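Here are a few exercises to work through with the model open in your viewer. Try each one before reading its solution.

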Amino acid sequence: MNVIVLLGPPGAGKGTVADALTKRGVHHISTGDMLRQEIREGTKLGLRSKDKLNHGLFADDTDVITMVTDYLMAQKLDDLVLFDGFPRTLVQAEKLAELTQTTHIHLTTVLRLKCPDQVLLGRLSGRRTCVSCGAVYHDLFSPPDVHGRCDHDGGALAQRVDDEPATVKRRLDVYNRLTRPLVDYYRETKMLHEIDASRSSEEVRSDVLLKVKEFLP
Ligand code: AP5
(Lines give C-alpha, C1' and ligand atoms only; values in the text may rest on other atoms or scores of the structure.)
Protein backbone atom coordinates (compact mmCIF):
# COMPACT_ATOMS: atom_id res chain seq x y z
CA MET A 1 0.00 0.00 0.00
CA ASN A 2 1.49 3.33 -1.09
CA VAL A 3 0.61 6.26 1.13
CA ILE A 4 0.47 10.02 0.53
CA VAL A 5 0.25 12.16 3.67
CA LEU A 6 -1.63 15.46 3.45
CA LEU A 7 -0.61 18.00 6.10
CA GLY A 8 -2.18 21.40 6.62
CA PRO A 9 -4.06 23.62 9.04
CA PRO A 10 -7.87 23.62 9.37
CA GLY A 11 -9.40 25.16 6.25
CA ALA A 12 -6.28 24.79 4.08
CA GLY A 13 -8.34 22.68 1.66
CA LYS A 14 -7.27 19.13 2.58
CA GLY A 15 -10.78 17.76 1.99
CA THR A 16 -11.07 19.69 -1.28
CA VAL A 17 -7.73 18.30 -2.53
CA ALA A 18 -8.76 14.82 -1.35
CA ASP A 19 -11.92 15.01 -3.50
CA ALA A 20 -9.77 15.69 -6.57
CA LEU A 21 -7.47 12.76 -5.80
CA THR A 22 -10.41 10.43 -5.10
CA LYS A 23 -11.64 11.14 -8.63
CA ARG A 24 -8.22 9.88 -9.83
CA GLY A 25 -8.67 6.56 -8.04
CA VAL A 26 -6.89 7.37 -4.79
CA HIS A 27 -8.37 5.84 -1.62
CA HIS A 28 -9.13 8.68 0.84
CA ILE A 29 -8.81 8.22 4.61
CA SER A 30 -9.83 11.24 6.68
CA THR A 31 -9.41 10.77 10.43
CA GLY A 32 -11.71 13.77 10.98
CA ASP A 33 -14.49 12.02 8.99
CA MET A 34 -13.81 8.73 10.78
CA LEU A 35 -14.03 10.39 14.20
CA ARG A 36 -17.26 12.23 13.29
CA GLN A 37 -18.72 8.88 12.19
CA GLU A 38 -17.71 7.27 15.50
CA ILE A 39 -19.45 10.18 17.27
CA ARG A 40 -22.63 9.80 15.16
CA GLU A 41 -22.70 6.06 15.86
CA GLY A 42 -22.18 6.64 19.59
CA THR A 43 -19.29 4.18 19.90
CA LYS A 44 -17.09 4.25 23.01
CA LEU A 45 -14.32 5.91 21.00
CA GLY A 46 -16.86 8.43 19.66
CA LEU A 47 -18.17 9.22 23.13
CA ARG A 48 -14.60 9.75 24.41
CA SER A 49 -13.76 12.05 21.46
CA LYS A 50 -16.95 14.09 21.09
CA ASP A 51 -16.23 16.93 23.53
CA LYS A 52 -12.64 17.17 22.32
CA LEU A 53 -13.65 17.61 18.68
CA ASN A 54 -16.48 20.01 19.47
CA HIS A 55 -14.05 22.19 21.43
CA GLY A 56 -11.32 22.11 18.79
CA LEU A 57 -8.98 19.73 20.64
CA PHE A 58 -7.40 16.55 19.26
CA ALA A 59 -8.73 13.08 19.96
CA ASP A 60 -6.36 10.84 21.97
CA ASP A 61 -3.35 9.50 20.07
CA THR A 62 -4.12 5.96 21.26
CA ASP A 63 -7.69 6.12 19.96
CA VAL A 64 -6.68 7.57 16.60
CA ILE A 65 -3.86 5.07 16.13
CA THR A 66 -6.16 2.15 16.95
CA MET A 67 -8.85 3.47 14.60
CA VAL A 68 -6.39 3.93 11.71
CA THR A 69 -4.49 0.66 12.12
CA ASP A 70 -7.72 -1.38 12.47
CA TYR A 71 -9.00 0.27 9.29
CA LEU A 72 -5.75 -0.28 7.37
CA MET A 73 -5.47 -3.93 8.35
CA ALA A 74 -8.92 -4.51 6.80
CA GLN A 75 -7.83 -3.03 3.42
CA LYS A 76 -6.27 -4.54 0.32
CA LEU A 77 -2.59 -3.67 0.35
CA ASP A 78 -2.23 -2.61 -3.28
CA ASP A 79 -4.15 0.66 -3.09
CA LEU A 80 -2.75 4.18 -3.24
CA VAL A 81 -4.05 5.79 -0.06
CA LEU A 82 -4.28 9.45 0.93
CA PHE A 83 -4.02 10.14 4.67
CA ASP A 84 -5.93 13.37 5.30
CA GLY A 85 -5.37 14.49 8.90
CA PHE A 86 -3.11 11.61 9.95
CA PRO A 87 -0.52 11.79 11.37
CA ARG A 88 -1.27 14.92 13.37
CA THR A 89 1.20 14.58 16.25
CA LEU A 90 4.77 13.30 16.57
CA VAL A 91 3.47 10.21 18.39
CA GLN A 92 1.23 9.42 15.40
CA ALA A 93 4.05 10.12 12.91
CA GLU A 94 6.33 7.72 14.79
CA LYS A 95 3.61 5.06 14.73
CA LEU A 96 3.26 5.50 10.97
CA ALA A 97 7.04 5.19 10.59
CA GLU A 98 6.88 1.96 12.61
CA LEU A 99 4.07 0.62 10.37
CA THR A 100 6.21 1.29 7.30
CA GLN A 101 8.91 -0.93 8.87
CA THR A 102 6.62 -3.76 9.95
CA THR A 103 3.89 -3.92 7.26
CA HIS A 104 3.54 -3.38 3.50
CA ILE A 105 2.67 0.28 4.06
CA HIS A 106 5.06 2.46 2.07
CA LEU A 107 5.15 6.24 2.58
CA THR A 108 5.71 7.85 -0.83
CA THR A 109 5.27 11.57 -0.28
CA VAL A 110 4.08 14.25 2.15
CA LEU A 111 2.18 17.26 0.86
CA ARG A 112 2.02 20.34 3.05
CA LEU A 113 -0.72 22.86 2.25
CA LYS A 114 0.42 26.32 3.43
CA CYS A 115 -2.07 29.11 3.96
CA PRO A 116 -2.17 32.34 6.04
CA ASP A 117 -4.52 32.41 9.06
CA GLN A 118 -6.70 35.21 7.65
CA VAL A 119 -7.50 33.10 4.57
CA LEU A 120 -8.21 30.05 6.75
CA LEU A 121 -10.63 32.02 8.94
CA GLY A 122 -12.55 33.23 5.86
CA ARG A 123 -12.79 29.73 4.43
CA LEU A 124 -14.00 28.10 7.64
CA SER A 125 -16.56 30.79 8.43
CA GLY A 126 -18.19 30.25 5.00
CA ARG A 127 -17.94 26.46 4.84
CA ARG A 128 -21.19 24.49 4.61
CA THR A 129 -21.40 20.68 4.59
CA CYS A 130 -24.20 18.43 3.33
CA VAL A 131 -25.68 16.61 6.32
CA SER A 132 -26.41 13.49 4.27
CA CYS A 133 -23.46 12.99 1.87
CA GLY A 134 -20.77 15.22 3.42
CA ALA A 135 -20.15 17.29 0.23
CA VAL A 136 -18.40 20.56 1.09
CA TYR A 137 -19.41 24.04 -0.18
CA HIS A 138 -18.48 27.61 0.57
CA ASP A 139 -20.93 30.52 0.68
CA LEU A 140 -18.67 32.63 -1.56
CA PHE A 141 -16.06 30.41 -3.23
CA SER A 142 -18.12 27.34 -4.17
CA PRO A 143 -21.81 27.96 -3.45
CA PRO A 144 -24.44 25.29 -4.25
CA ASP A 145 -26.87 25.85 -7.16
CA VAL A 146 -29.77 26.23 -4.70
CA HIS A 147 -29.07 28.11 -1.46
CA GLY A 148 -28.81 25.73 1.54
CA ARG A 149 -29.22 22.53 -0.54
CA CYS A 150 -26.63 20.02 -1.75
CA ASP A 151 -26.19 19.79 -5.56
CA HIS A 152 -25.73 15.99 -5.36
CA ASP A 153 -28.66 14.83 -3.23
CA GLY A 154 -30.62 17.93 -2.16
CA GLY A 155 -29.55 17.38 1.49
CA ALA A 156 -29.56 20.34 3.89
CA LEU A 157 -26.28 22.24 4.23
CA ALA A 158 -25.07 22.96 7.76
CA GLN A 159 -22.09 24.57 9.49
CA ARG A 160 -19.74 22.18 11.32
CA VAL A 161 -19.92 22.51 15.12
CA ASP A 162 -16.17 23.16 15.26
CA ASP A 163 -16.34 25.99 12.70
CA GLU A 164 -17.66 28.43 15.30
CA PRO A 165 -15.05 31.32 15.40
CA ALA A 166 -13.68 30.74 18.93
CA THR A 167 -13.30 27.01 18.21
CA VAL A 168 -11.55 27.73 14.90
CA LYS A 169 -8.99 29.89 16.76
CA ARG A 170 -8.37 27.01 19.18
CA ARG A 171 -7.98 24.53 16.29
CA LEU A 172 -5.38 26.80 14.68
CA ASP A 173 -3.52 27.09 17.97
CA VAL A 174 -3.56 23.31 18.49
CA TYR A 175 -2.38 22.80 14.90
CA ASN A 176 0.56 25.17 15.44
CA ARG A 177 1.58 23.49 18.70
CA LEU A 178 1.10 19.81 17.83
CA THR A 179 1.07 19.36 14.04
CA ARG A 180 3.41 22.08 12.78
CA PRO A 181 6.48 20.23 14.19
CA LEU A 182 5.72 17.46 11.68
CA VAL A 183 6.79 19.82 8.90
CA ASP A 184 10.40 19.70 10.15
CA TYR A 185 10.08 15.99 10.91
CA TYR A 186 9.13 15.23 7.29
CA ARG A 187 11.48 17.82 5.80
CA GLU A 188 14.34 15.71 7.12
CA THR A 189 13.01 12.68 5.24
CA LYS A 190 13.19 14.66 1.93
CA MET A 191 9.64 13.54 1.17
CA LEU A 192 8.03 16.91 1.90
CA HIS A 193 6.46 19.05 -0.87
CA GLU A 194 5.13 22.47 0.10
CA ILE A 195 2.14 23.86 -1.76
CA ASP A 196 0.77 27.41 -1.65
CA ALA A 197 -2.84 26.65 -0.73
CA SER A 198 -3.95 30.29 -0.62
CA ARG A 199 -4.55 30.17 -4.39
CA SER A 200 -7.76 29.09 -6.14
CA SER A 201 -8.94 25.48 -5.76
CA GLU A 202 -8.07 24.83 -9.43
CA GLU A 203 -4.48 26.06 -9.02
CA VAL A 204 -3.97 24.06 -5.82
CA ARG A 205 -5.49 20.95 -7.38
CA SER A 206 -3.27 21.06 -10.48
CA ASP A 207 -0.16 21.63 -8.36
CA VAL A 208 -1.05 18.63 -6.18
CA LEU A 209 -1.74 16.40 -9.20
CA LEU A 210 1.65 17.36 -10.63
CA LYS A 211 3.42 16.44 -7.37
CA VAL A 212 1.79 13.00 -7.09
CA LYS A 213 1.35 12.03 -10.74
CA GLU A 214 4.07 9.37 -10.66
CA PHE A 215 2.13 7.50 -7.95
CA LEU A 216 -1.39 7.74 -9.44
CA PRO A 217 -3.08 4.51 -10.55
P1 AP5 B 1 -10.69 17.39 10.17
O2 AP5 B 1 -12.04 17.06 9.73
O3 AP5 B 1 -9.52 16.73 9.55
O4 AP5 B 1 -10.56 18.98 10.19
P5 AP5 B 1 -9.34 19.97 9.91
O6 AP5 B 1 -7.99 19.38 9.79
O7 AP5 B 1 -9.50 21.00 10.97
O8 AP5 B 1 -9.59 20.44 8.50
P9 AP5 B 1 -10.92 20.93 7.90
O10 AP5 B 1 -11.78 19.77 7.48
O11 AP5 B 1 -11.58 21.94 8.79
O12 AP5 B 1 -10.40 21.75 6.66
P13 AP5 B 1 -9.80 21.23 5.27
O14 AP5 B 1 -8.34 21.54 5.24
O15 AP5 B 1 -10.23 19.84 4.92
O16 AP5 B 1 -10.52 22.28 4.32
P17 AP5 B 1 -11.75 22.08 3.29
O18 AP5 B 1 -11.30 21.35 2.05
O19 AP5 B 1 -12.97 21.59 3.98
O20 AP5 B 1 -10.55 17.10 11.77
C21 AP5 B 1 -11.54 17.58 12.65
C22 AP5 B 1 -11.12 17.31 14.07
O23 AP5 B 1 -10.95 15.89 14.27
C24 AP5 B 1 -9.77 17.92 14.49
O25 AP5 B 1 -9.92 19.25 14.92
C26 AP5 B 1 -9.39 16.98 15.65
O27 AP5 B 1 -10.12 17.33 16.79
C28 AP5 B 1 -9.90 15.63 15.19
N29 AP5 B 1 -8.86 14.85 14.50
C30 AP5 B 1 -8.80 14.55 13.17
N31 AP5 B 1 -7.71 13.82 12.90
C32 AP5 B 1 -7.07 13.63 14.09
C33 AP5 B 1 -5.87 12.99 14.46
N34 AP5 B 1 -5.09 12.37 13.54
N35 AP5 B 1 -5.51 13.02 15.76
C36 AP5 B 1 -6.27 13.63 16.69
N37 AP5 B 1 -7.43 14.27 16.41
C38 AP5 B 1 -7.82 14.28 15.12
O39 AP5 B 1 -11.94 23.62 2.87
C40 AP5 B 1 -12.43 24.56 3.81
C41 AP5 B 1 -13.40 25.53 3.08
O42 AP5 B 1 -12.67 26.32 2.15
C43 AP5 B 1 -14.50 24.83 2.26
O44 AP5 B 1 -15.68 25.59 2.35
C45 AP5 B 1 -13.95 24.82 0.83
O46 AP5 B 1 -15.01 24.86 -0.12
C47 AP5 B 1 -13.12 26.11 0.81
N48 AP5 B 1 -11.89 25.98 0.01
C49 AP5 B 1 -11.01 24.95 0.01
N50 AP5 B 1 -9.98 25.21 -0.81
C51 AP5 B 1 -10.21 26.46 -1.32
C52 AP5 B 1 -9.49 27.30 -2.22
N53 AP5 B 1 -8.29 26.94 -2.75
N54 AP5 B 1 -9.99 28.53 -2.51
C55 AP5 B 1 -11.19 28.92 -1.95
N56 AP5 B 1 -11.92 28.16 -1.11
C57 AP5 B 1 -11.43 26.95 -0.79
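**Exercise 1.** Which of the 33 residues around the ligand come nearest?

*Solution.* Keep in mind that this is a predicted model. Start with the shell, taking residues with a heavy atom within 4 Å of the ligand. Of those 33 residues, Thr-16, Leu-57, Arg-88, Arg-127 and Arg-171 come nearest. Next, sort the shell by character: 13 residues are nonpolar, 12 polar and 8 charged.

**Exercise 2.** Find polar contacts of the ligand with Lys-14, Arg-127 and Ser-201, then work out how much of the ligand's area gets buried.

*Solution.* Go atom by atom, with 3.5 Å as the cut-off.
- Arg-127 uses a side-chain N or O atom, 2.7 Å from a ligand oxygen.
- Lys-14 brings a backbone N or O atom to 2.9 Å from an oxygen of the ligand.
- Ser-201 puts a backbone N or O atom 3.2 Å from a ligand nitrogen.

Now the area: the ligand taken alone exposes 1,000 Å², and the protein buries 95% of that. As for elements, α1 (14–23), α2 (31–41), α6 (117–126) and β6 (136–138) each give two or more residues to the shell. With 4 residues, α2 gives the most.

**Exercise 3.** How many cavities of 30 Å³ or more does a search of the whole structure find, and what lines the largest cavity?

*Solution.* The search turns up 1 cavity, holding about 50 Å³ of space. Its lining includes Leu-6, Lys-14, Phe-86, Arg-88 and Tyr-175. The elements giving two or more residues to that lining are β1 (2–7) and α7 (165–179). Finally, split the lining by type: 5 nonpolar, 3 polar and 2 charged.

Terms used:
Residues numbered from 1 in each chain as written. Predicted model: local features only at pLDDT ≥ 70, side-chain atom pairs only at ≥ 80, totals over all residues. Heavy atoms only, no water. 1 Å grid on protein atoms, 1.4 Å probe; cavity = no way out; pocket = protein on both sides within 12 Å on 5 of 7 lines; lining within 4 Å. Points joined across faces, edges and corners; volume = space filled by probe spheres on them. Nonpolar A, V, L, I, M, F, W, Y, C, P; charged D, E, K, R; others polar. Polar contact = N/O pair within 3.5 Å; in protein donor to acceptor, adjacent residues only side chain to side chain. Areas by Shrake-Rupley, 256 points an atom, 1.4 Å probe, with all protein chains shown as cover.
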